[in-house]
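Dear colleague,

Here is the structure I said I would pass on. My notes follow below it.

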Protein chains: 2
Amino acid sequence: MAQRVREAYLRIDEVDRPEVWITLRPRAEVLAEAGRLDERMAAGERPPLAGVLVAVKDNIDVAGLPTTAGCPSFAYVPTQTATAVARLVEAGALVLGKTNLDQFATGLVGTRSPYGAVRNALDPAKISGGSSSGSAVAVALGIVDIGIGTDTAGSGRIPAAFNGIVGVKATLGLVPNTGVVPACRSYDCVTVFARTLGQAQSALATMTGPDGVDPRCRTWPADVRFAAEPVIAIPRDEDLAPLSRQARRAFGAAVSLLEESGARTEVVDVSGLLDAAKLLYDGTFVAERHAAVGEFIDSGPADLDPSVAKIIGAASALAARDHVVDLERLDHYRVSAGRTLDGCSALLLPTAPSHPTLAEVAVDPLGVNRGLGTYTNFVNLLDLAAIAVPAGTADGGPFGVSVITRAFDDQVAFDLAAVFTGEQAAELYPVGGVDLIVFG
Amino acid sequence: MAQRVREAYLRIDEVDRPEVWITLRPRAEVLAEAGRLDERMAAGERPPLAGVLVAVKDNIDVAGLPTTAGCPSFAYVPTQTATAVARLVEAGALVLGKTNLDQFATGLVGTRSPYGAVRNALDPAKISGGSSSGSAVAVALGIVDIGIGTDTAGSGRIPAAFNGIVGVKATLGLVPNTGVVPACRSYDCVTVFARTLGQAQSALATMTGPDGVDPRCRTWPADVRFAAEPVIAIPRDEDLAPLSRQARRAFGAAVSLLEESGARTEVVDVSGLLDAAKLLYDGTFVAERHAAVGEFIDSGPADLDPSVAKIIGAASALAARDHVVDLERLDHYRVSAGRTLDGCSALLLPTAPSHPTLAEVAVDPLGVNRGLGTYTNFVNLLDLAAIAVPAGTADGGPFGVSVITRAFDDQVAFDLAAVFTGEQAAELYPVGGVDLIVFG
């Protein structure tokens with residue numbers, strides 16, 4: 001394994017993107033760990049992820065490394081590694097370090113960090129996307145195999161689209177959030193970036209399953225589906241209004257590819273889904289961010305990102321009864337989403353409406369950020385699963401689509417996403433807890 | 001069927017408890033419906049609940065009858081019958097009318113109603129318990145077979161204990177809440193009173209299953225259990241401190257009965273469960289009541305019960321971020337509850353700590369009410385299921401115990417509750433959605 005580790009550190013030097021990392025582990029330390037892994041294997045062990053190199057977003061605990069959440073004055077050094085990462089390590093993965101992010105995972109841009117804006121892997125004038133910016137770029141630049149991120153409103157998908165890689169946001173509660181700094185704890189999800197779907201799926205399967213600590217863990221339901229029916233919902237032309245002509249053409253090509261693979265597509269009205277996203281910005285759910293880190297924000301540390309401070313600070317004034325009303329609205333949006341997908345296995349959407357430059361974000365940080373989440377914001381709120389995959393190019397960069405499914409239809413999403421990557425799924429994602437089911 | 005209906009109306013006259021009903025349907029109307037049911041049966045239909053007589057709590061819609069929720073000025077006449085009741089009627093049940101309740105289902109006493117305090121079926125000086133007071137007393141007095149109630153903190157169980165009948169609060173989300181005036185919508189549950197477990201189970205099975213409207217409906221999980229393991233958790237002596245000596249003796253006899261049936265009992269510390277209940281009174285969850293009917297309450301109608309007005313009115317000042325914090329606390333209490341029940345199939349508790357008189361409630365309406373929920377309040381909050389059954393007598397009245405299980409272990413609760421009623425469960429409760437499962 002030592003050779004892999006040495007190559008990764010050479011690559012880190014070569015790409016010269018220091019803003020990717022908040023904490024990079026010393027090479028010797030990782031080499032020593034690789035040595036111990038070699039010993040495990042020499043002793044006959046066959047860890048399924050042996051030698052897989054991993055970058056971890058810096059709002060996820062790795063024992064002994066500081067967790068900053070993108071805010072130096074917030075930093076603490078955990079003694080326990082987050083469940084998701086501990087499972088990867090147990091399976092033989094090697095963690096190289098902790099990656100940059102939009103502070104407190106609040107943003108989709110990748111620029112809201114005192115550790116520097118993370119530049120795009122392919123075009124440094126463009127944004128990387130966020131909030132899981134560093135992990136995505138580390139994967140896209142070929143430094144690591146797996147980037148671990150989090151996703152509340154698109155943070156595990158937008159950076160995948162902007163850097164031309166795969167980003168998987170599984171069903172909420174499948175991967176434990178134990179050891180993750182909460183953003184909106186009801187909607188937070190640990191995610192995986194990889195260059196192939198297969199790698200992402202292996203990592204995800206390893207991380208999945210209740211840990212007895214995270215109270216929001218869920219198990220597979222009795223009616224979990226393993227295969228897609230050949231009908232895929234696609235948006236109306238007007239739902240794609242924010243896209244450039246090239247991006248619209250790329251989306252059309254993605255639809256054609258699905259159809260050539262044997263799927264039937266059906267145009268649906270997704271405006272109800274897109275509307276639900278407004279609750280995230282205009283409603284009371286930002287109270288979750290305040291409950292997580294509001295006391296710290298209210299104490300006025302000097303290294304707060306101004307956008308983040310503004311967003312979270314304002315949430316202390318929101319009323320509980322309005323939060324209840326929003327939760328009820330959300331429940332109804334969820335039912336409507338089910339109806340929108342009626343008869344369909346999945347919904348195909350662009351992952352992002354456009355790909356801004358760093359300069360554009362600097363001019364209008366809140367406005368640009370808000371627009372970016374058009375096609376991702378509603379997914380966690382409505383308890384859907386999504387996989388972002390590359391699908392051609394547009395406007396001189398990668399174009400990405402997302403396969404969005406109902407909760408627990410993650411395998412369906414993997415199968416459909418594979419149409420775009422050209423991969424064959426090796427094994428089913430749902431492992432454990434559902435092997436007792438026989439479909440009648 | 002006409003004979004059954006005539007007898008019920010004779011019984012109504014005979015018992016002389018006008019406070020039980022808010023709206024009693026005219027006898028002729030119900031007789032006409034019975035006639036139509038006879039025709040269905042003559043045509044070969046075999047409705048499973050043919051001729052079963054039902055009383056419906058007046059916070060649940062029955063088309064054409066006013067829904068008052070115990071507050072005349074709140075009344076409206078729905079055009080749709082609540083899903084749960086519509087399913088009973090479709091199965092051949094006949095609704096006699098709408099029953100009295102603690103206003104807006106806020107109370108466990110059965111006295112908070114401008115339609116009069118509902119007197120206990122067995123001892124009119126004592127309270128009936130609430131909030132589903134009228135439905136319970138209508139069953140206990142032998143007027144109807146099935147009383148439909150609701151339960152957020154014990155409203156479907158306390159009146160069962162006080163009137164010597166069965167009360168079933170199934171897992172949240174199994175019975176749709178469509179057409180029910182919310183109390184705390186996240187924790188509200190439609191319940192069944194009956195004189196036998198078998199009748200309760202038949203009614204409940206009929207009402208169960210998603211209706212495509214209530215967004216909080218849930219389906220059975222892959223690991224639903226159908227049988228109890230022979231270990232039952234029981235409380236420590238100090239957890240039973242509020243009970244009278246006779247009540248403690250009755251509880252001891254109930255434990256012995258379980259043990260004689262072949263179960264092993266294991267003493268557990270239930271203080272964590274009982275603590276969780278405090279969130280219901282001292283936390284922000286009352287914001288749910290304000291979200292449901294707070295605007296109406298704030299408008300200051302003259303026919304508000306003073307206790308109800310006080311409780312709900314105060315909830316407008318609560319903060320969203322504190323609600324988020326309470327929700328997180330609750331999630332952790334839920335995990336702790338799982339640990340408390342570790343290795344056990346169910347928990348046996350008294351249903352109520354004591355049985356107050358109407359006079360005692362009049363002296364201290366809030367204090368007495370709060371005490372009553374000691375052993376019931378935590379159940380819905382922690383996503384547990386419970387069945388209240390009679391278990392001997394104490395202090396000159398019926399004594400009741402509750403079999404409390406994890407969510408979806410409803411069949412386990414039915415099996416154990418049957419030890420107390422001496423019944424044999426006729427068929428499994430979980431119907432539909434789980435018949436694809438094979439246990440390996």
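Helices and strands here are DSSP runs, numbered from the N terminus, a helix being H or I over at least four residues and a strand E over at least two. In that numbering, F104(A) lies in the loop between β3 and α4 of chain A. Please keep in mind throughout that this is a predicted model.

Backbone

The phi of F104(A) is near 55 degrees, a positive value in a residue other than glycine. Most residues other than glycine have a negative phi, and most peptide bonds are trans. The loop that holds F104(A), between β3 and α4 of chain A, is also the place of S131(A), with β3 spanning 94-99 and α4 spanning 133-140. S131(A) is joined to G130(A) by a cis peptide bond, with omega at about 5 degrees. In chain B, a cis peptide bond joins G130(B) and S131(B), and omega is about 0 degrees. S131(B) sits in the loop between β3 (94-99) and α4 (133-140) of chain B.

Interface

Chain A and chain B each bring 31 residues to the contact. About 2,900 Å² is buried between the two chains, and carbon and sulfur atoms give 59% of that area.

Six salt bridges are found across the interface of chain B and chain A. One salt bridge pairs R216(B) with D331(A), whose closest N and O atoms are 2.9 Å apart. Twelve residue pairs are in polar contact across the interface, counting pairs with both residues at pLDDT 80 or more.

On the side of chain B that touches chain A, α10 (286-298) and α12 (320-340) each supply at least two residues. Which helix gives the most to that side of chain B? The answer is α12(B), with eleven residues. By type, the residues on this side of chain B are 17 nonpolar, six polar and eight charged.

The α12 pair

Helix α12 of chain A, residues 320-340, packs against α12(B) at an angle of about 65 degrees, and the two axes are 7 Å apart. The crossing of α12(A) with α12(B) is right-handed. From α12(A), the residues A320(A), H323(A), V324(A) and L327(A) meet A320(B), H323(B), V324(B) and L327(B) of α12(B). The residues of this helix contact divide into six nonpolar and two polar, with no charged residue.

If you open the model, I would start with the two α12 helices and then look at the loop between β3 and α4 in each chain.

Regards

Methods. Residues numbered from 1 in each chain as written. Chains lettered and ligands numbered in written order. Predicted model: local features only at pLDDT ≥ 70, side-chain atom pairs only at ≥ 80, totals over all residues. Heavy atoms only, no water. Contact = heavy atoms within 4.5 Å. Buried area = accessible area lost by both parts, 1.4 Å probe. Salt bridge = Lys/Arg side-chain N within 4 Å of Asp/Glu carboxyl O. Polar contact = N/O pair within 3.5 Å; in protein donor to acceptor, adjacent residues only side chain to side chain. Nonpolar A, V, L, I, M, F, W, Y, C, P; charged D, E, K, R; others polar. Axes fitted to C-alpha atoms, helices over the stretch in contact; angles between N-to-C directions. Left-handed = near helix turned anticlockwise from the far one by under 90°.
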